[in-house]
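Open the model in your viewer and keep the selection panel at hand. The tour goes stop by stop, with a selection and then what is there.

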Amino acid sequence: MKNLMKINCCWRLMDEEVFSVEENVCYEVNKDTRRIKLDLFSTIVTKFGVFFMIAILAVFGIIVSPKFLSGSNLLNILNAVSYLGIVATGIAFVIYSGHYADMSAPMTMAISGVICVEFMRYGLIYGIIAAVITGIIIGSINGFVIGKIRCNSVIWTMAMNFILEGLVRWSYHGTQIYPDMANEQTYKTGFFLPLMYKLDPNILNIDLEARAAAFNGLAQTYPLGAPLVLYVMFAVMIAGYIVMSKTTFGNQLKVVGSNYNVAKMSGINCTRTVMFAFIVSSVCAAIGGIFMTSLNQVGAFYVGQGYDFQAVTALILGGMSLAGGRGNMAGVFGGVFTLGLISNILTLIGIGTFTQKMITGAIFILVVYVNAKSLRKLGRDYA
Amino acid sequence: MKRKMTVCVVAMLIFALMLTFAGCGAGKETTTDKGKDTSTETKTDKGSNEGAKSSNLEESLKIDISDVKGSDGQPLLIYGETRPVPPKPTDKEELELWNIEYAGRTTEKLPMIPSPKDGIIGKRIIMIHQSEHPYWTAVSNGAKMAAETYKVDLDIWNPNGDLNQQNQFIDKAIAEKPDLVLLSPLDAKASVQQFKKLYDAGIPAIAFNMIPTDEAMKYVLAITAPDDFGQFKKLAKHLADAVGGKAGVGYITHIPGGSPYFARCTNVVKYYEENYPDMKTLDIQSPGFDAPKVKQVVSDWITRFGDELTCIVLADDSAQALGATQACEEDGRTDIKIIAAGNSKVGMDLVKQGKLFAITYQSAEADGAIPIKVAADYFNGVELDKNAAFYLPQAIITKENVEEYMPAQW
C-alpha cells in the first residue's frame with residue numbers, strides 16, 4: 001500500500017445489460033515524485049518578509065554609526081514614521097479588500113484637521129469627535145460608491161481628493177486657519193465658523209489661548225518619554241491587527257480581497273465589507289490629520305500631501321498585495337519602519353536627499369522583486 | 001398672362017434694384033455723416049482728452065501713499081534696497097549663481113513700450129499670479145490694497161499652478177487689451193514666450209515675485225521681487241555674528257533647482273566660505289516641507305554630529321521650522337540656533353517663543369502691491385531705469401522686534 005493509491009470508483013451504467021462492469025476496481029497510481037524546491041533564502045524571505053530587510057538595514061546601521069542602536073535614535077525613527085503609520089494602517093484595509101489604494105487620504109487628513117480646528121473652539125474633545133465624524137462621512141461615501149456601484153477605487157478616491165481639496169480651498173478662500181486666531185475675519189470663512197458665529201456672536205470672545213495650546217500640544221505630548229502620536233500609532237495598529245486577523249469581518253475582508261465573486265456567492269455582504277474598509281481608512285486618515293495639523297499648528301489644504309503614495313509604498317514593502325487578500329499588520333509596521341530606517345541610516349552616513357530617494361527606490365524594487373520571486377518559488381503566488 | 005407676369009417681375013426687380021442703390025447711397029452718406037460727425041467729435045474729444053489726460057495725471061500724482069500700510073502695520077508701498085550688480089565672475093560655478101542672483105539686471109532690452117504718461121487712475125491692470133496658496137492670497141490682498149489706493153481697475157487671475165492655464169490667461173489678457181499686465185511666471189523658461197506675446201501685442205508687462213530668464217527680460221518693463229539673496233546674506237551675517245563666526249551648520253533646503261533653493265542655501269554656504277570660514281557646513285538635506293521628515297533629519301543630525309551641530313539654516317519658517325525646533329527640543333538641544341525664511345504666523349510665533357533665532361521679513365502683501373506702484377510710476381511718467389528692479393523692503397525679525405511685524409499676513 002506504500003506506493004499505491006486506492007481509488008474506489010462506482011460506475012453506474014445506463015445499460016447494464018450491454019456492459020458488464022465490476023463495481024469495485026482498484027487502480028494503482030504512481031506517486032508524484034516531483035519536489036518543490038524549498039530553498040532556505042526563499043523560505044526566510046517569505047516567512048519574515050520585510051523584517052528580513054529590517055535586520056539587514058539594522059546591521060548596516062550598526063556598522064555605519066555606533067549611535068544607531070541608541071534609544072533616542074530608534075525613538076526618533078519611530079516618531080518620524082508614526083504619522084505615516086496611522087494613515088498606512090487604514091489604507092491597509094482598503095488594499096486588503098482588493099481595492100488598490102485610498103487616494104483621498106491626503107485631503108481627508110487636511111479636511112479633518114481643519115474641522116478639528118474649527119470645533120476645538122468648544123473644546124478639544126469636540127474637535128476630535130468632529131474630525132473623526134468627518135472621516136466616517138468621507139469613508140462612507142467612498143465605500144458606498146466603490147462597494148455598491150463598483151466604481152474603480154483609484155479613480156473614485158482620486159476624484160474625491162480633488163473635490164475635497166476644492167471644497168477646503170473654496171471654503172477658506174485660499175487661506176489657512178490657526179487654532180489661536182479668532183477675529184471677525186476668521187468667522188467669515190470656513191465650513192462651520194460662519195454658522196457658529198451666526199448662532200452665537202459671543203463666540204468671538206472665547207479665550208482660545210488655552211484651547212489652542214491643548215490642540216497644538218497633541219503632537220508635543222510625551223507620556224513616559226515617547227510622543228503621544230507613537231502610542232496612537234501602536235494602538236491603531238493593534239486594533240487593526242485584531243480586526244483584520246481575529247474577527248469575522250477580517251476573514252470576510254480577506255475573502256472579498258482574494259476573490260470578490262466567490263465572496264459574493266458565499267453570502268458575504270461585499271458592499272458592507274468594502275464600505276467598512278474605506279471607513280477604517282478614512283478614520284485613520286482623520287486621526288493622522290488631527291496630529292499632523294497639531295504638529296503644523298495650522299489647518300490648511302496642503303496638510304497630508306503625499307501621504308497616499310508614501311503609505312502605499314510602505315504597505316507594498318510590508319508584503320501587502322495590491323491584488324488584495326494578502327498581508328498583515330506586522331508587515332504594515334515593518335514597511336513603515338523600513339522607510340524610516342532607510343532615511344535614518346542614509347542621513348547618518350551623510351548621503352544627500354537626491355541619492356536617498358534613488359536608494360529608497362532601488363531598495364523598494366529589490367524588496368518587491370525578491371518577495372515576489374520567493375513566493376513564486378514556493379508556489380504560493382502566481383501574480 | 002405670361003407677358004403681364006414677366007412685366008410685373010421685371011418691374012419688381014427694377015424697383016428692388018433702385019431701392020438697393022438708393023439704400024447704398026443713403027448708407028454711404030450716413031457713413032460720411034458719421035465720419036464727419038466722428039471727426040468733429042474726435043477733434044472735440046482730442047481737446048477734451050488732452051485736458052482729461054493732464055487732469056488725470058495731476059490727480060494721479062497727487063495720490064498720497066505714505067500712509068498705506070499692510071495688515072501687519074508695515075508700510076506697503078515703499079521700495080526696498082536695490083543692491084548694485086557686481087561684475088560677472090569668470091569661474092563657471094560662480095557664474096551660474098551670479099546668473100540666478102542678478103537675473104535680468106544686465107539684460108539688453110528691446111525698446112520698451114512708451115508710457116502714455118496720462119496717470120494711473122482708471123487704468124485696467126491684469127495680475128496673473130501662480131496658485132491658491134495662503135501666501136498668494138496675501139499677495140492678492142496687497143495688490144487689492146494698492147489698486148484701491150491708486151484707483152486702478154484690477155483683475156486678478158489665478159492659474160492654480162497650471163502652466164497651460166497661465167498661458168491661456170496670457171492669450172485672454174491679450175484679447176482683452178488691458179493697459180498693463182503683471183505676471184508672476186510659473187516657469188522661468190516658459191515665461192520667454194509669455195512676455196514676448198504681451199510685448200508683441202503692445203501690452204507693457206511687469207514680472208513680479210519670480211524673476212524670469214534673461215531672454216524673457218528683454219520684453220519686460222520692470223521686475224519686482226523679494227531680494228532673497230540679499231535678505232539671506234543679511235540673515236546669515238546676523239547668525240554668524242551671534243555665534244562669533246564659528247559654528248557647525250546644517251541646511252534644510254527649498255525645492256531643489258528653484259531660485260529659493262540657491263538663495264537660501266548655496267548663497268549662504270558661499271557667503272560663509274568667503275566671509276566666515278569657521279562657519280562649517282556639516283550637511284545639506286532637502287526633505288521638503290513635511291514637518292515629520294524635517295524632524296527626523298534634524299534628529300539624525302543631532303545623533304550624527306552631536307555638539308558639533310550648533311546652527312541650522314531653514315528655507316521655510318512654517319513646517320520646516322516646526323519640525324526642526326521640535327527635534328531640538330526633544331533631544332534637549334535648545335542651544336542650537338535656527339534661522340529661516342519668513343514671515344508666516346507660525347514662524348513669528350516661534351521667534352516670539354525664542355525657538356527660532358531669526359527670520360527674514362518678506363511681506364506677501366508688498367509682493368502684490370509693489371508691482372502696482374511700479375505700474376503707477378510708469379503711467380505717471382516717472383522714468384523707469386532700463387533694467388529696473390524693485391525689491392521688497394527687507395528686515396531681520398528677531399525676538400526683540402517681532403511684535404512690530406505682528407499680526408502675520410498669512
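Two strands pair if DSSP finds at least two bridges between them. Helices (H or I, at least four residues) and strands (E, at least two) are DSSP runs, numbered from the N terminus.

This is a predicted model, in which local features need pLDDT of at least 70, side-chain atom pairs count only at pLDDT 80 or more, and totals for chains, interfaces and linings use all residues. Residues are numbered from 1 along each chain as its sequence is written, while chains are lettered from A and ligands numbered from 1 in the order in which they are written.

**Stop 1: colour by confidence**

Colour chain B by pLDDT (the predictor's confidence in each residue, from 0 to 100). Its mean is 87, and 88% of the residues of chain B reach 70 or more. Now select residues 2-62 of chain B. This is helix α1(B), where confidence in the chain is lowest, at a mean of 56. Strand β8(B), residues 311-314, is at the other end, with 98. Narrow the selection to residues 19-43 of chain B: pLDDT stays under 50 there. The model has zero contacts beyond four places in sequence for that stretch. A contact here means that two C-beta atoms, placed from the backbone, lie within 7 Å. For the model as a whole, ipTM is 0.79 and pTM is 0.79.

**Stop 2: the domains of chain B**

Make three selections in chain B: domain 1 (1-62), domain 2 (92-226 + 365-393) and domain 3 (229-361). These bounds come from an automatic or database domain assignment. How many residues of domain 1 of chain B enter the contact with domain 2 of chain B? Six do, and domain 2 of chain B gives nine. On the domain 1 side, two residues are nonpolar, two polar and two charged. The classes are: Ala, Val, Leu, Ile, Met, Phe, Trp, Tyr, Cys and Pro as nonpolar, Asp, Glu, Lys and Arg as charged, and the others, Gly among them, as polar.

**Stop 3: the parallel sheet**

Show the strands of chain B in the order β2-β1-β3-β4-β5-β11: these six form an open sheet with parallel pairing. At the edges are β2(B), residues 153-157, and β11(B), residues 389-391, each paired on one side only. From one strand to the next, the twist averages 20°. Angles run from 0 to 180 degrees between N-to-C directions, and axes are lines fitted to C-alpha atoms, for helices over the stretch in contact.

Zoom in on β4(B), residues 205-208, and β5(B), residues 222-225. Three bridges join these parallel strands. I206(B) has A222(B) as its bridge partner. Add residues 364-379 of chain B. That is helix α12(B), which lies across β1, β3, β4, β5 and β11 of chain B and runs at about 155° to β4(B).

**Stop 4: the mixed sheet**

Next, show β7-β6-β8-β9-β10-β12 of chain B, an open sheet of six strands with mixed pairing. Its edge strands are β7(B) and β12(B), the latter at residues 396-397. Two bridges link β9(B), residues 337-340, to β10(B), residues 358-360, and the two strands run parallel. Within that pair, I339(B) stands opposite A358(B). Helix α7(B), residues 228-242, packs on this sheet and touches β7, β8, β9, β10 and β12 of chain B. Its direction makes about 170° with that of β10(B).

**Stop 5: backbone oddities**

Most residues other than glycine have a negative phi, and most peptide bonds are trans. Select G342(B) and N343(B): the peptide bond between them is cis, with omega near 0°. N343(B) sits in the loop between β9 and α11 of chain B. M406(B) and P407(B) are also joined by a cis peptide bond. P407(B) belongs to the segment after β12(B). Then jump to L224(A), a non-glycine residue with a positive phi of about 55°. Look for L224(A) in the loop between α8 and α9 of chain A.

**Stop 6: a helix pair in chain A**

Stay in chain A and select α9(A), residues 228-246, and α10(A), residues 248-258. Their axes come within 5 Å and cross at roughly 70°. The two helices are therefore roughly perpendicular, a label for angles of 65 to 115 degrees; under 35 counts as roughly parallel, over 145 as roughly antiparallel and the rest as oblique. V243(A), M244(A), S245(A) and K246(A) of α9(A) meet F249(A), G250(A) and L253(A) of α10(A). By class, that contact has four nonpolar, two polar and one charged residues.

**Stop 7: where the chains meet**

Finally, show both chains. Chain B brings 26 residues to the contact and chain A brings 27. On chain B, α3, β7, α9, α10 and α11 each supply at least two residues. Which element gives the largest share of the side of chain B that touches chain A? Helix α9(B) does, with 10 residues. That side of chain B has 10 nonpolar, eight polar and eight charged residues.
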